[in-house]
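Subject: Structure handover

Hello,

The structure is below, for you to load beside this email. My notes on it follow.

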Amino acid sequence: MDTELIMQTVNHISPVSDAVKIRLKEYLKEERFPKKYQLLQEGQTAKKIYFIKEGFARAFYYTADGKECTAWFMGTGEFMISVFSFFTQKPAAENIELLEDSTLQSITWAQLQTLYKEFTEFNLIGRIITEKYYIESEKKSILLRTLTAKERYQQLVKSNPDILQKASLSQIASFIGITLETLSRLRGKRAH
């Protein structure tokens with residue numbers, strides 16, 4: 001199994017010892033899943049943290065009136081989890097779906113706890129990944145409150161230029177908190 005990308009990502013967060021790299025390689029499991037595969041369904045408990053070696057995914061939930069709402073998108077080189085479910089080991093309130101054929105590398109919650117106990121240096125990696133999730137969540141919350149629909153769309157396309165090829169328009173609209181009709185109007189104006 002090729003672990004070069006995950007090791008580069010971990011070392012970019014904070015350099016780790018060879019002993020950590022060896023243990024992480026022992027724990028990592030690589031799996032391939034097809035587009036539309038659901039890694040996690042609402043009500044299940046997230047037992048693994050995933051690294052996207054290749055692919056694209058989203059998390060979504062259903063509102064009280066049954067509408068699907070995309071919470072986040074993740075792509076190649078990123079860690080992916082249902083934060084609440086994984087860290088509390090309680091049932092998830094969201095679903096995680098792959099939006100393209102994907103190759104994922106994972107370790108279990110129990111293996112991660114062992115890494116934290118055996119290698120205190122790895123706690124820093126975990127903290128920084130958790131902080132990233134929190135920061136992204138807060139950033140999205142602020143953008144939804146402060147930017148216009150047009151600005152949110154422009155920012156999404158700028159930060160993720162190939163999003164239109166990877167996600168459906170309804171998924172994108174729900175992610176930036178607008179209707180599909182509004183998104184269509186924004187895209188129409190942009191084309192002219």
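Gln89 is partly exposed, at a relative accessible area of 22%. The model is a predicted one, and in it Gln89 sits in the loop between helix H3 (83–88) and strand S7 (95–98). Its phi is positive, about 55°, although Gln89 is not a glycine. For background, most residues other than glycine have a negative phi. Lys36 is another non-glycine residue with a positive phi, near 80°. Lys36 belongs to the loop between strand S1 (29–33) and strand S2 (38–40). With a relative accessible area of 61%, Lys36 is exposed, since the cut-off for that class is over 50%.

Two other loop residues are buried. Phe119 is in the loop between helix H4 and helix H5, and its relative accessibility of 14% makes it buried, because the limit is under 20%. Apart from neighbours within four places in sequence, Phe119 has contacts with Ala19, Val20 and Arg23. From Phe119 to Lys36 the C-alpha distance is 36 Å, with their positions 83 residues apart in sequence.

The second is Ile176, in the loop between helix H8 (169–175) and helix H9 (180–191). Ile176 is buried at 4% relative accessible area. Setting aside neighbours within four places in sequence, its contacts are Leu144, Arg152, Tyr153 and Leu156. The C-alpha atoms of Ile176 and Ile163 are 12 Å apart, and the two residues are 13 apart along the chain.

Three of those contacts of Ile176, namely Arg152, Tyr153 and Leu156, also appear among the buried residues of helix H6 (residues 149–159), which are Arg152, Tyr153, Leu156 and Val157. Viewed down the axis of H6, these buried residues fall within an arc of 130°, so they line one face of the helix. The face turned away from that buried side carries the exposed residues Lys158 and Ser159.

Next, the cores. The largest nonpolar core contains 38 residues. Val10, Leu24, Leu39, Met80, Leu104, Ile107 and Phe122 have the most contacts inside it. Leu24 is in contact with Met7, Val10, Ile107, Leu115 and Phe122, leaving aside neighbours within four places in sequence. A second core, separate from the largest, has 15 residues, including Phe73, Val157, Ala167 and Ile178. As a general point, nonpolar side chains in soluble globular proteins tend to be buried together.

On aromatic rings, a search of the whole structure gives seven aromatic pairs. One of the pairs is Phe86 with Phe87, with ring centres 5.2 Å apart and 85° between the planes. That pair counts as edge-to-face, because the angle required is over 60 degrees. Phe86 is buried, at 0% relative accessibility, whereas Phe87 is partly exposed, at 33%. Elsewhere, Phe56, Phe73 and Phe175 make up one aromatic cluster.

Where is the largest pocket, and which elements line it? Its volume is about 1000 Å³. The lining consists of 32 residues, and those closest to the pocket centre are Ala71, Trp72, Glu136, Lys140 and Phe175. Two or more lining residues come from each of strand S4 (56–62), strand S5 (68–75), H3, helix H5 (120–146) and H6. H5 supplies the largest share, 10 residues. Phe175 thus appears both in the aromatic cluster and among the residues closest to the pocket centre.

There is one cavity of 30 Å³ or more. The largest cavity holds about 170 Å³ of space. It is lined by 19 residues, of which Ile49, Phe79, Ile107, Leu112 and Ile129 are the closest to its centre. Ile107 is also listed among the residues with the most contacts inside the largest nonpolar core. The elements that give two or more residues to the cavity lining are helix H1 (4–13), strand S3 (48–54), strand S8 (102–108), helix H4 (109–118) and H5. The largest share of this lining, five residues, again comes from H5.

Regards

Notes:
Residues numbered from 1 in each chain as written. Predicted model: local features only at pLDDT ≥ 70, side-chain atom pairs only at ≥ 80, totals over all residues. Heavy atoms only, no water. Buried < 20%, exposed > 50% of the residue type's maximum accessible area, 1.4 Å probe, protein only. Helix = DSSP H or I, 4+ residues; strand = E, 2+ residues; numbered from the N terminus. Arc of directions from axis to C-beta. Core = buried A, V, L, I, M, F, W, Y, C linked by side-chain atoms within 4.5 Å. Contact = heavy atoms within 4.5 Å. Phe/Tyr/Trp six-rings, centres within 6.5 Å; stacked < 30°, edge-to-face > 60°. 1 Å grid on protein atoms, 1.4 Å probe; cavity = no way out; pocket = protein on both sides within 12 Å on 5 of 7 lines; lining within 4 Å. Points joined across faces, edges and corners; volume = space filled by probe spheres on them.
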